[in-house]
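User: I am new to this structure and would like a short guided tour. Could we begin with the charged side chains?

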Amino acid sequence: QMQLVESGGGLVQAGGSLRLSCAVSGTIFSIHAMDWYRQAPGKQRELVATITTGGRTNYADSVKGRFTISRDNAKNSMYLQMNSLKPEDTAVYYCRDELTLSWGQGTQVTVSS
């Protein structure tokens with residue numbers, strides 16, 4: 001059974017950086033396209049970034065130029081490097097597998113002004 005575990009969240013000041021990780025087990029990670037989503041209080045969950053099996057990436061307009069999604073198939077892991085963080089980036093961040101639609105448990109990111 002596929003499992004996804006996020007880590008790396010925390011409290012950071014505006015303008016700071018965080019790197020989120022998503023560790024995947026129970027599957028051949030390299031065949032899965034993966035996503036990062038986030039959900040802020042009182043708001044719907046939104047797609048932040050996507051990475052295909054071939055490494056192509058796509059981003060929400062709100063994070064373009066600030067966030068970078070990447071993957072390391074040898075480590076069965078996906079990452080989200082978040083720079084120039086803003087208070088509006090505060091949310092629970094989730095990784096999701098596009099093949100099985102499995103979700104991780106989420107990691108909280110809080111950006112103070």
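User: Is Asp89 buried or exposed?

Analyst: This is a predicted model. In it, Asp89 has a relative accessible area of 0%. Asp89 therefore counts as buried, since that is under 20%.

User: Which side chain does Asp89 meet in a salt bridge?

Analyst: Asp89 meets the side chain of Arg66, at 2.7 Å from N to O. Arg66 is buried too, with a relative accessible area of 10%. General background is useful here: side chains of opposite charge can pair when their charged atoms come close.

User: Where do Arg66 and Asp89 lie in the chain?

Analyst: Arg66 lies in the loop between β6 (57–59) and β7 (67–72). Asp89 is in the loop between β8 (77–82) and β9 (91–97). The two residues are 23 residues apart, and the pair links distant parts of the chain.

User: Which residues are joined into one network by salt bridges that share partners?

Analyst: The network consists of Arg38, Glu46, Arg66 and Asp89. Within that group, Glu46 forms a salt bridge with Arg38, and their closest N and O atoms are 2.6 Å apart.

User: And how accessible are Arg38 and Glu46?

Analyst: Arg38 is buried, at 5% relative accessibility. Glu46, at 34%, is partly exposed.

User: How many salt bridges are there in the whole structure?

Analyst: A search of the whole structure finds 5. One of them joins Lys64 and Asp61, with 3.2 Å from N to O. Lys64 is partly exposed at 47% relative accessibility, and Asp61 is exposed, with a relative accessible area of 65%.

User: Changing topic: which residues of the largest nonpolar core touch the most other members?

Analyst: They are Met34, Trp36, Met78, Leu80, Met82 and Tyr93, out of 28 residues in that core. As a general point, nonpolar side chains tend to be buried together in soluble globular proteins.

User: Which elements give two or more residues to this core?

Analyst: They are β3 (18–25), β4 (34–39), β5 (46–51), β7, β8, β9 and β10 (107–112). The element that gives the most is β3, with 4 residues.

User: Now the sheets, please. What is the order of the strands in the open sheet of 4 strands?

Analyst: The order is β1-β3-β8-β7, and the pairing is antiparallel. The strands at the edges are β1 (3–7) and β7, each of which pairs on one side only. On average, neighbouring strands in this sheet are turned by 15 degrees against each other, with direction ignored.

User: How many bridges join β3 to β8?

Analyst: There are 6 bridges between these antiparallel strands. As for individual residues, Arg19 stands opposite Gln81 in β8.

User: And what is the order in the open sheet of 6 strands?

Analyst: That sheet runs β2-β10-β9-β4-β5-β6, and its pairing is mixed. The edges are taken by β2 (10–13) and β6. Each has a single partner strand, so one side of each is left without a neighbour in the sheet. The twist from one strand to the next averages 25 degrees.

User: Which residue is the bridge partner of Tyr93 in β10?

Analyst: The partner is Thr107. The strands β9 and β10 run antiparallel and are joined by 3 bridges. Tyr93 also appeared earlier, among the core residues that touch the most other members.

Note on methods:
Residues are numbered from 1 along each chain as its sequence is written. This is a predicted model: local features need pLDDT of at least 70, side-chain atom pairs count only at pLDDT 80 or more; totals for chains, interfaces and linings use all residues. Side-chain values use heavy atoms; hydrogens and water are left out. A salt bridge is a side-chain nitrogen of Lys or Arg within 4 Å of a carboxyl oxygen of Asp or Glu. Buried means under 20% relative accessible area, exposed over 50%, partly exposed in between (1.4 Å probe, protein chains only). A nonpolar core is a set of buried Ala, Val, Leu, Ile, Met, Phe, Trp, Tyr and Cys residues joined through side-chain atoms within 4.5 Å. Two strands pair if DSSP finds at least two bridges between them. Axes are lines fitted to C-alpha atoms, for helices over the stretch in contact, and angles run from 0 to 180 degrees between N-to-C directions.
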